[in-house]
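Reader: I would like a close look at one part of this model, the metal site, and then at what lies around the other ligand and along the later part of the chain. Please take it step by step.

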Amino acid sequence: MTDSITLCRPDDWHLHLRDGAMLAAVAPHSAGFGRAIIMPNLVPPVVTGAQAAAYRDRIMAALPPGAALQPQMTLYLTDTTDPADVVAAYRDGIIRAVKLYPAGATTNSASGVTDIDKVRPVLEAMAEAGITLCVHGEVTDPAVDIFDREAVFIDRVLDPIRRAVPGLRVVMEHITTADGVAYARSGGDDLAATITTHHLVINRNAILAGGIRPHYYCLPVAKRENHRLALRDAATSGEARFFLGTDSAPHPDSAKLQPCGCAGCFTAPNTMSILAHVFEQEGALDRLEAFASLNGAAFYGLPPAEDRIRLIRRDRPAEYPTSITAGDETVTVFDPGFPLYWHLETA
Ligand code: DOR
Ligand code: ZN
């Protein structure tokens, strides 16, 4: 049995670090990743290049000395985003991508896009400049069942965008369905999809069967088991179009444990141990590096990391905190529901 694997340092192509005390608390838990795409859904959102540069400085200040993390900033697309600002921020090396949240789809998305026609000039400028659009792929139509919102988004919004703006580079963020996997596979080199750690582990029963478990509630919400299996197949396939984006999304327990609790799983601390477990279960440990370290960088036109990490399988489980402290608050760490025998070491 394999008991040690060495990988190019992993990247996290979808990460929430927040700001202030929460940023200070969570940034060290992502410090061992290489590149990380930083989500712009702060309050207020990151909408200009200057705001993205200032946020990057705050992130760098929150990281421990010697941290590997290189934040890759994003701009939050709104109905009024100026195409020239986006292109300038990209050419100046301030941003790596632009994030599309349909208005109202998730946490802090009130400023999101209300009508795709309003942002078409931005999307056309992005296609021209080779800038990636990271998409939260859920419709917000209240008439659409929440478990169908991803599949309906693909038909109603994503496919029409890609036809209207040929050549636009798109990452389908945190796909949760077999429909998402199939659509990602139907595209060319300009289409990819991130998959989170938690969606490889939980299905919707984990949230709702035998009691309601707020710490497993995230958006897009976890779906039926057949969808989880499709995600595991995609992630472990080695296909270049699928790569890791943890969507690690910390919230204070005081905001999760409410009659109306907010969405997000905090997976930054234990993600690599969980992924090694999942890939081992699937007989695909030799493909973990493609998923976590190689495919995303290649999509974004970046070289693989030059340094390496090592995962070692030990007889005793790795110890992760069940929660961390952020200012006066606690944040619960995602519990995969099984012991984690893969320990992360820097090689
Ligand atoms: O579960 C989620 N949490 N999904 C998102 O899309 C946003 C994120 C957050 O910012 O908390
Ligand atoms: Zn997210």
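Author: This is a predicted model. The zinc ion (ligand 2) has three protein donors, His14 (NE2), His16 (NE2) and Asp247 (OD), at 2.0 to 2.1 Å from the ion. Along the chain these donors of the zinc ion follow the spacing H-x1-H-x230-D. The pair His16 and Asp247 therefore links distant parts of the chain, being 231 residues apart. His16 belongs to the loop between strand S2 (12-15) and helix H1 (20-26), while Asp247 belongs to the loop between strand S9 (242-244) and helix H10 (253-256). His16 counts as buried because its relative accessibility is 7%, under the 20% cut-off. Asp247 also has a relative accessible area of 7%, so Asp247 is buried.

Next comes the other ligand. Around ligand 1 there are 14 residues, and those that come nearest are Arg18, Asn41, Leu219, His251 and Ala263. Arg18 places a polar side-chain atom 2.8 Å from an oxygen atom of ligand 1. In the side chain of His136, an N or O atom is 3.3 Å from an oxygen atom of ligand 1. With Gly264 the contact comes from the backbone: one of its polar backbone atoms is 3.3 Å from an oxygen atom of ligand 1. On its own, ligand 1 has 290 Å² of accessible area, and the protein covers 100% of that. The space that ligand 1 takes is the largest cavity.

The loop after H10 deserves a look of its own. Gln258 sits there, between H10 and helix H11 (271-281). Its relative accessible area is 44%, so Gln258 is partly exposed, between the limits of 20% and 50%. A polar atom of the Gln258 side chain lies 2.7 Å from the backbone oxygen of Ser254. Gln258 and Pro214 are 44 residues apart along the chain, and their C-alpha atoms are separated by 8.6 Å.

From that loop the chain runs into H11. Nine of the eleven residues of H11 are buried, which means that the helix is largely enclosed by the rest of the structure. The buried residues include Thr271, Met272, Ser273, Ile274 and Leu275, and also Ala276, His277, Val278 and Phe279. After H11 comes Gly283, which has a positive phi, near 65°.

Leu275, one of the buried residues of H11, can also be set against Tyr217. The two are 58 residues apart along the chain, with 19 Å between their C-alpha atoms. Tyr217 is in the loop between helix H8 (204-208) and helix H9 (225-235). With a relative accessible area of 25%, Tyr217 counts as partly exposed because that value is over the 20% limit for buried residues.

Helix H9 contains His227. The relative accessible area of His227 is 15%, so this residue is buried. A polar atom of the His227 side chain lies 2.8 Å from the backbone nitrogen of Ala178.

To return to the starting point, the zinc ion has His14, His16 and Asp247 as its protein donors. Of these, His16 is buried, and Asp247 is buried as well. As for ligand 1, the protein covers 100% of its accessible area.

Notes: Residues are numbered from 1 along each chain as its sequence is written. Chains are lettered from A and ligands numbered from 1 in the order in which they are written. This is a predicted model: local features need pLDDT of at least 70, side-chain atom pairs count only at pLDDT 80 or more; totals for chains, interfaces and linings use all residues. Side-chain values use heavy atoms; hydrogens and water are left out. Donors are N, O and S atoms within 2.8 Å of the metal (3.2 Å for Na, K and Ca); water is not among the atoms, so sites may look incomplete. Helices (H or I, at least four residues) and strands (E, at least two) are DSSP runs, numbered from the N terminus. Buried means under 20% relative accessible area, exposed over 50%, partly exposed in between (1.4 Å probe, protein chains only). A residue is near a molecule or strand if one of its heavy atoms lies within 4 Å of it. A polar contact is a pair of N or O atoms within 3.5 Å; within protein, one must be able to donate a hydrogen and the other to accept it, and residues adjacent in sequence count only if both atoms are side-chain atoms. Accessible areas come from the Shrake-Rupley method with a 1.4 Å probe; for residues, only the protein chains shown count as cover. On a 1 Å grid over the protein atoms alone, a cavity is a set of points where a 1.4 Å probe fits but cannot get out, and a pocket is an open set with protein on both sides within 12 Å along at least five of seven lines; lining residues have an atom within 4 Å of a point. A molecule sits in a cavity or pocket if more than half of its atoms lie within 2 Å of its grid points.
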